[in-house]
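I sat down today with a new model and a fresh page. Here are my notes, in the order in which I looked things up.

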Amino acid sequence: MTSRWTTAVLDTDQPGGWAVARSPEGFLFDDNGALFPREWLKRQDLAILAEHGIGHLDGEPVYLLELRSHSEVPGCQWKGLRAFMLEGDHTVYKVLAYAAQIGTWAREHRYCGNCGQAMSQVPRERAMYCQPCDLRSYPRISPSMIVLVTRGDEILLARSPRFVSGVYSTLAGFAEPGESAEDCLIREVREEVRIEVRNIQYMGSQCWPFPHSMMLGFHAEYAGGEIVCQEDEIEDAQWFNVHELPPLPASRSIARYLIDVYVARRLGHAEPVLPG
Ligand SMILES: NC(=O)c1ccc[n+]([C@@H]2O[C@H](COP(=O)([O-])OP(=O)(O)OC[C@H]3O[C@@H](n4cnc5c(N)ncnc54)[C@H](O)[C@@H]3O)[C@@H](O)[C@H]2O)c1
Ligand SMILES: [Mg+2]
Ligand SMILES: [Zn+2]
């Protein structure tokens with residue numbers, strides 16, 4: 001199967017193609033979606049900070065116009081990336097997710113972290129370059145572990161104060177320097193709920209562009225301890241029976257996938273597929 005969307009570093013001097021516009025208010029969209037004819041979009045009154053050629057959708061080049069601020073475009077509105085994930089076409093969401101990460105990274109790497117001078121985009125490579133330092137900065141990706149801990153028919157789910165009211169999810173956390181994926185998982189579960197785990201099994205991964213996580217998903221079995229929630233980070237954590245689950249995370253998230261796979265296995269149902 002060929003993918004509809006492939007990333008590429010495109011020359012912004014070439015005319016034509018599609019473009020998406022991103023401001024701090026999110027992506028521009030109208031009744032036809034978030035992709036606009038690029039030449040038309042560039043004629044609008046937009047505060048363009050940078051332009052990036054980001055890939056091909058159905059063979060057509062796609063560019064990102066990264067804006068300093070949002071502006072009114074007749075017939076159009078602005079919407080955050082999360083809303084596109086929840087509602088929109090999955091391939092378009094993937095284009096926007098990539099655009100968001102490239103836009104954020106390039107915006108935050110306009111100046112060299114070593115000497116403070118302006119950096120420039122490297123032609124044909126996704127990198128920012130500082131000539132005096134001969135330093136290249138590449139897009140930032142933050143590995144994060146996410147794990148469903150289970151105990152027979154029970155699964156361990158927790159709430160962060162940041163979650164939508166009522167929703168419980170799997171435990172997650174960013175890897176620290178010096179850790180393996182397993183070290184990180186064990187530490188995070190210990191820190192967040194003071195539970196020990198065993199039989200760690202890798203389940204799959206997902207890009208999570210909020211703003212630049214790479215989620216590595218695992219299943220682990222309960223090995224010991226009583227739940228003690230980490231102050232400020234975890235509002236509540238409980239063992240839930242697979243027959244009696246609380247409101248769960250969005251269906252396109254790997255958190256939901258980890259839960260759905262386990263529940264399907266316990267109940268003898270067909271297993272879901274991990275959204276890319
Ligand atoms: N796709 C999914 O299903 C899913 C589900 C849950 C969490 N997540 C994501 O997993 C990631 C980690 O989860 P968490 O928020 O529980 O992390 P966490 O438990 O490590 O705690 C968050 C804290 O980590 C620190 N932090 C922020 N960015 C960091 C970085 N890049 N490296 C190291 N520390 C950093 C901050 O102090 C932040 O408050 C987040 O991006 C979150 O959105 C994704
Ligand atoms: Mg966490
Ligand atoms: Zn420098």
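Before listing any contacts, I fixed the term: two residues are in contact if their C-beta atoms, placed from the backbone, lie within 7 Å. I also noted at the top of the page that this is a predicted model.

**Entry 1: the cysteines.** I began with the UniProt record, an unreviewed entry, which lists Cys112, Cys115, Cys130 and Cys133 under "binding site". They are spread over 22 residues of sequence, yet I found them clustered in space, with a largest C-alpha distance of 8.6 Å.

I took Cys130 next and found it in strand E9, residues 128-130. Which residues does Cys130 contact, once its neighbours within four places in sequence are left aside? My list reads Cys112, Asn114, Cys115, Gln117, Met119 and Leu135. Cys130 has 20 C-beta neighbours inside 10 Å, so I put it down as buried.

Cys133 sits in the loop between E9 and strand E10 (135-137). Not counting residues up to four places away in sequence, I saw Cys133 touch Cys112, Asn114 and Cys115. Is Cys133 buried or partly exposed? I counted 14 C-beta neighbours inside 10 Å, and therefore Cys133 goes down as partly exposed.

**Entry 2: the whole protein.** Stepping back, I counted five helices and 16 strands. The C-alpha trace spans about 60 × 45 × 35 Å along its principal axes. Of the 276 residues, 30% are buried. I also looked at contacts with a separation of 6 or more: residues 24 or more positions apart account for 61% of them.

**Entry 3: the domains.** The domain assignment gave me domain 1 (5-108), domain 2 (113-139) and domain 3 (142-267). I looked up the first pair and found the C-alpha centres of domain 1 and domain 2 to be 23 Å apart. Five residues from domain 1 and five residues from domain 2 make up their contact. Which element gives the most to the domain 1 side? It is H3, with four residues. By kind, the residues on that side of domain 1 are four nonpolar, one polar and no charged.

**Entry 4: helix H3.** That sent me to H3 itself, residues 90-108. I tried a length check: at 1.5 Å a residue, its 19 residues should span 27 Å, and the end C-alpha atoms are 27 Å apart, so the two agree. I then went through H3 for burial, and the buried residues include Tyr93, Leu96, Tyr98, Ile102 and Trp105. Gln101 and Lys94 are on that buried list too.

**Entry 5: around ligand 1.** Which of the 17 residues around ligand 1 come nearest? I wrote down Ala172, Gly173, Phe174, Ser253 and Ala255. The elements giving two or more residues to this shell are strands E11 (142-151), E13 (171-174), E14 (196-208) and E15 (213-224), together with helix H5 (254-267). Sorted by kind, the shell holds nine nonpolar, seven polar and one charged residue.

**Entry 6: Ile186.** My last stop was Ile186, in helix H4, residues 181-193. I call Ile186 buried because 21 other C-beta atoms lie within 10 Å. I paired Ile186 with Asn199, 13 residues away in sequence, and read a C-alpha to C-alpha distance of 11 Å.

How values were computed
Residues are numbered from 1 along each chain as its sequence is written. Chains are lettered from A and ligands numbered from 1 in the order in which they are written. This is a predicted model: local features need pLDDT of at least 70, side-chain atom pairs count only at pLDDT 80 or more; totals for chains, interfaces and linings use all residues. The expected span of a helix is 1.5 Å times one less than its number of residues. A residue is buried if 20 or more other C-beta atoms lie within 10 Å of its own, exposed if 12 or fewer, and partly exposed in between; C-beta atoms are placed from the backbone. A residue is near a molecule or strand if its C-beta atom, placed from the backbone, lies within 6 Å of it. Ala, Val, Leu, Ile, Met, Phe, Trp, Tyr, Cys and Pro count as nonpolar, Asp, Glu, Lys and Arg as charged, and the others, Gly among them, as polar. Domain bounds come from an automatic or database domain assignment. UniProt positions are given in the numbering used here, feature names are shortened, and annotations may be inferred rather than shown by experiment.
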